[in-house]
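Here are some friendly notes to read alongside the structure. Please keep the sequence and the 3D view open as you go through the points.

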Amino acid sequence: MKRALVSLAIFFAFVVIVTVSRHHTTPTSATTTTTSTSTTTSTTSTTTTTLASANGSTCRGADFSGTGGLSQGAAGTIYTSFTLTKTTSGSCTLKGWPVLGLANQAGATLPERTIEIPSSGNPGNFLTPAANHAPTTLTLDQGSTTTFSVFFNDVTTGAGSTCPSVAVVRVGTGVGSSQASIPLTYPIQPCSGGTLNVSPFY
């Protein structure tokens with residue numbers, strides 16, 4: 001009897017062990033690896049600023065100081081020239097004939113008439129050969145000079161002819177331009193109401 005109980009106990013123990021071993025599951029660890037790739041795009045923006053430059057602009061009378069040359073001539077025709085020196089910074093361009101104004105010693109404006117030479121009807125006969133050429137474009141920097149020539153008649157030609165005494169010549173570079181004032185050491189007296197034959201700038 002005792003052996004039977006022992007055998008029965010062993011049997012049940014065996015059944016229990018088998019049952020437990022069948023239902024026992026070893027945990028499985030699952031690892032998921034996620035790879036994230038980040039792409040950074042760098043954009044470089046370039047800004048170009050263009051500055052407006054005064055270089056190459058049209059010269060004005062106020063850009064210059066001026067001096068008058070000595071007058072010479074005979075038979076009633078007087079020749080002289082005027083030189084302008086650029087006093088402002090930068091560069092500018094100049095082409096054509098000066099626009100002139102005349103004043104007396106007190107600064108009062110005098111009558112004036114300008115004849116531009118050379119022209120189609122008048123090839124010019126200035127003493128300086130360069131003054132007889134057609135206008136060309138001049139580029140002037142600070143300190144540069146330009147010259148123009150003048151001739152006039154200082155003999156009255158009739159009862160109505162006047163010869164004002166000019167002490168200051170005002171020089172512009174175009175209609176409406178500012179002017180450079182040139183005081184004359186020796187006044188000039190262009191007759192026929194202040195008529196001046198004028199060359200281009202050269």
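1. T83 and T147 make a good place to begin: T83 stands opposite T147, which belongs to strand β10. Please keep in mind that this is a predicted model. The pair sits where strand β4, residues 77–86, meets β10; the two strands run antiparallel and are joined by 9 bridges.

2. Is strand β10 mostly covered or mostly open? It spans residues 145–153, and 7 of its 9 residues are buried, so the answer is mostly covered, with buried meaning under 20% relative accessible area. Besides β4, β10 has a pairing with strand β13 (residues 195–198), again antiparallel, over 2 bridges. Here V150 stands opposite V198, and F151 has N197 as its bridge partner.

3. Strand β13 deserves a look of its own. Its side chains alternate: T195 and N197 point one way, L196 and V198 the other way, and all of them are buried. β13 also pairs with strand β8, residues 113–116, this time in the parallel sense, over 4 bridges. In that pairing L196 is the bridge partner of T114. As general background, the strands of a sheet pair through backbone hydrogen bonds, either parallel or antiparallel.

4. Next comes an open sheet. Four strands make it up, in the order β7-β6-β11-β12, with antiparallel pairing. Its edge strands are β7 (109–110) and β12 (179–188), each of which pairs on one side only. Between β11, residues 166–172, and β12 there are 6 bridges in the antiparallel sense. If you want a position to look up, V168 stands opposite P183 of β12.

5. Which residues have the most contacts inside the largest nonpolar core? They are F148, V169 and V171, in a core of 25 residues. At least two core residues come from each of β4, β5 (91–94), β6 (99–103), β9 (138–141), β10, β11, β12 and β13. The largest share, 4 residues, is supplied by β12.

6. V169 is a handy residue to click on. Leaving aside residues up to four places away in sequence, V169 touches F82, L100, G101, L102, A180, S181, I182 and L184. Apart from the largest core lies another one, of 5 residues, including Y79, I117, A131 and F151.

7. Now for the largest pocket, which has a volume of about 190 Å³. Its lining consists of G68, G69, L70, S71, T80, F82, P183, L184, T185, Y186, P187 and I188. β4 and β12 are the elements that give two or more residues to this lining, and β12 provides the largest share, with 6 residues. By class, the lining has 7 nonpolar and 5 polar residues, and no charged ones. Do look at F82 and L184 again here: both line the pocket, and both touch V169.

8. One last stop is A74, found in strand β3, residues 72–74. Why does A74 count as exposed? Its relative accessibility is 55%, and exposed means over 50%, so A74 falls in that class. A74 also offers a nice comparison of sequence and space: A74 and N153 are 79 residues apart in sequence, while their C-alpha atoms are 9.7 Å apart.

Notes: Residues are numbered from 1 along each chain as its sequence is written. This is a predicted model: local features need pLDDT of at least 70, side-chain atom pairs count only at pLDDT 80 or more; totals for chains, interfaces and linings use all residues. Side-chain values use heavy atoms; hydrogens and water are left out. Buried means under 20% relative accessible area, exposed over 50%, partly exposed in between (1.4 Å probe, protein chains only). Two strands pair if DSSP finds at least two bridges between them. A nonpolar core is a set of buried Ala, Val, Leu, Ile, Met, Phe, Trp, Tyr and Cys residues joined through side-chain atoms within 4.5 Å. Contact means heavy atoms within 4.5 Å. On a 1 Å grid over the protein atoms alone, a cavity is a set of points where a 1.4 Å probe fits but cannot get out, and a pocket is an open set with protein on both sides within 12 Å along at least five of seven lines; lining residues have an atom within 4 Å of a point. Grid points are joined across faces, edges and corners, and a volume is the space filled by probe spheres set on the points. Ala, Val, Leu, Ile, Met, Phe, Trp, Tyr, Cys and Pro count as nonpolar, Asp, Glu, Lys and Arg as charged, and the others, Gly among them, as polar.
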